[in-house]
Amino acid sequence: MKIMAGNSNLPLARAIAGYLELPLTDAAVRRFADEEIFVEIHENVRGEDVFIVQSTSYPANDNLMELLICIDALKRASARRITAVVPYFGYARQDRKPGPRTPISAKLVANLITEAGADRVLSVDLHAGQIQGFFDIPTDNLYAAPAMAADIQARYGDQELMVVSPDVGGVVRARALAKRLDNAPLAIVDKRRDRPGESEVMNIIGEVKGRHCILIDDIVDSGGTLCNAAQALLDNGAKSVVAYITHGVLSGAAVQKVNNSALKELVISDTILATDAAKESDRIRILSIATLIGEAVRRIADESSVSSLFD
Ligand code: R5P
C-alpha cells in the first residue's frame, strides 16, 4: 500500500502515514507560472493500492483540481486501486436543489472524482450520509464521534451533560453522540423566522437549565450557527457551553467570532489544516483523528471491516 498527499493538509497526511509506519509517496504537486497544477510521482506505483489524501477545503477549487490531477497521474502510472481519502468533502452542503435552476454541486464533484479514476472514496462526517450514494464506487464515511466522546468523557465526564444540536438537521448526529455519552439527554436549537423581515428567534427544545451543554455539528464555517446557539443556551440557563465540530472551515472572521463568543471551548478535528488564527486562539483546540483515518485505511487495504471501528 502507498500513501500519497496533495497539498491541502500535509500534517494530517504525514500523521496517517506515520500511524501506518509508511513514508509518504515521493511526489511533487506543484504549480506552473500560470497556476496550472502539475503532478509528478517519483516512485513506481504500478500494481499498488494507493491512498491519496486531500481535503477539498479552502481554496476548494484548487484543492479539488489537485486531487483530480493526482488521481489521473496514479491511474496513468498503473496503480492497481486508487482510494481518494477526502477527510473534508467540500461542496457537500450543495447536496440538493435549494430552488429552481440551481446545481447539485456535491453530485458534480462526486462525478468528477469518479471520472478521474478513483476506485473508492473515504471521507469523514459527510454533511449528509446520502452523499455516499452520489458515488457509484464504494464510499466509506467515518465518524469523529468516538474520538469526541472519549475526549468529552475525559474532560467533562464528571458534569451533568446535555448534548445539543444547533439545528434541526443535526439531530441524528447529536443523538449518536449522546448515546456514546451514557445516553446523555438531548436538546435542539430550533431557529425560526415567523414572518419575512422579522429577526430569527431561537427556541430551545429541551430543558437546558443547570446543564453543561455540548454542541455538536459537522461544520463550523462563519461561526454564526454555533455562536448564536451558544448564546441562546446560556440565555436559557445553561451552566456552560462547549462545542465539538468535525470540520473547522472557519472562514472570514469566524475565529474572532468564536473568541468573542459565549463558548467556553471549541474543539475541531484536523480534517482541515487549521489557520494560524485558529492555532493561536486559546478558545479553539484541535483533536486529531489521524489514527482513526489511518486505521480505516489499514482495514481497507487488508479488506477487513471498517464499520466495526464504530461498534
Ligand atoms: C449546516 O447545515 C451545517 O451543519 C452547519 O451548521 C453550517 O454549515 C455552519 O455554518 P456557519 O458556521 O456559517 O453558521
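Start by selecting Glu 265: at 13% relative accessibility, this residue counts as buried. Keep in mind throughout that the model on screen is predicted.

Now add Arg 285 to the selection. Arg 285 is buried as well, with a relative accessible area of 17%. The two side chains meet in a salt bridge, 2.7 Å from N to O. Colour the strands to place the pair: Arg 285 lies in strand β14 (residues 284-287) and Glu 265 in strand β13 (residues 265-269), so the bridge ties together parts that are 20 residues apart in sequence. Next, show Asp 151 and Arg 155; salt bridges with shared partners join these two with Glu 265 and Arg 285 into one network.

Move to Asp 140 and Arg 120. Their side chains also form a salt bridge, at 2.8 Å from N to O. Asp 140 sits in strand β7 (residues 139-142) and Arg 120 in strand β6 (residues 120-124), so this pair links parts that are 20 residues apart in sequence. Both Asp 140 and Arg 120 are buried.

For a pair with other accessibilities, select Glu 35 and Arg 31. The closest N and O atoms of this salt bridge are 3.7 Å apart. Glu 35 counts as exposed, at 53% relative accessibility, while Arg 31 is partly exposed at 28%. The structure holds 21 salt bridges, and the pairs visited so far are among them.

Zoom out and colour by domain. The domain assignment gives domain 1 as residues 2-143 + 291-310 and domain 2 as residues 145-287. Taken over C-alpha atoms, the centres of the two domains are separated by 28 Å. Select the contact between them: 15 residues come from domain 1 and 14 residues from domain 2.

How much area is buried between domain 1 and domain 2? The area is about 1200 Å², with carbon and sulfur atoms giving 54% of it. On the domain 1 side, pick out Tyr 88, Arg 93 and Asp 125, which lose the most area to domain 2; together they account for 38% of what that side buries.

Stay on Arg 93 and add Asp 221. These residues form a salt bridge, the closest N and O atoms being 3.0 Å apart. Between domain 1 and domain 2 the count is one salt bridge. Polar contacts between the domains come to 11 residue pairs. To finish, colour the side of domain 1 that touches domain 2 by residue class: eight residues are nonpolar, five polar and two charged.

Key
Residues numbered from 1 in each chain as written. Predicted model: local features only at pLDDT ≥ 70, side-chain atom pairs only at ≥ 80, totals over all residues. Heavy atoms only, no water. Salt bridge = Lys/Arg side-chain N within 4 Å of Asp/Glu carboxyl O. Buried < 20%, exposed > 50% of the residue type's maximum accessible area, 1.4 Å probe, protein only. Helix = DSSP H or I, 4+ residues; strand = E, 2+ residues; numbered from the N terminus. Domains from an automatic or database assignment. Contact = heavy atoms within 4.5 Å. Buried area = accessible area lost by both parts, 1.4 Å probe. Polar contact = N/O pair within 3.5 Å; in protein donor to acceptor, adjacent residues only side chain to side chain. Nonpolar A, V, L, I, M, F, W, Y, C, P; charged D, E, K, R; others polar.
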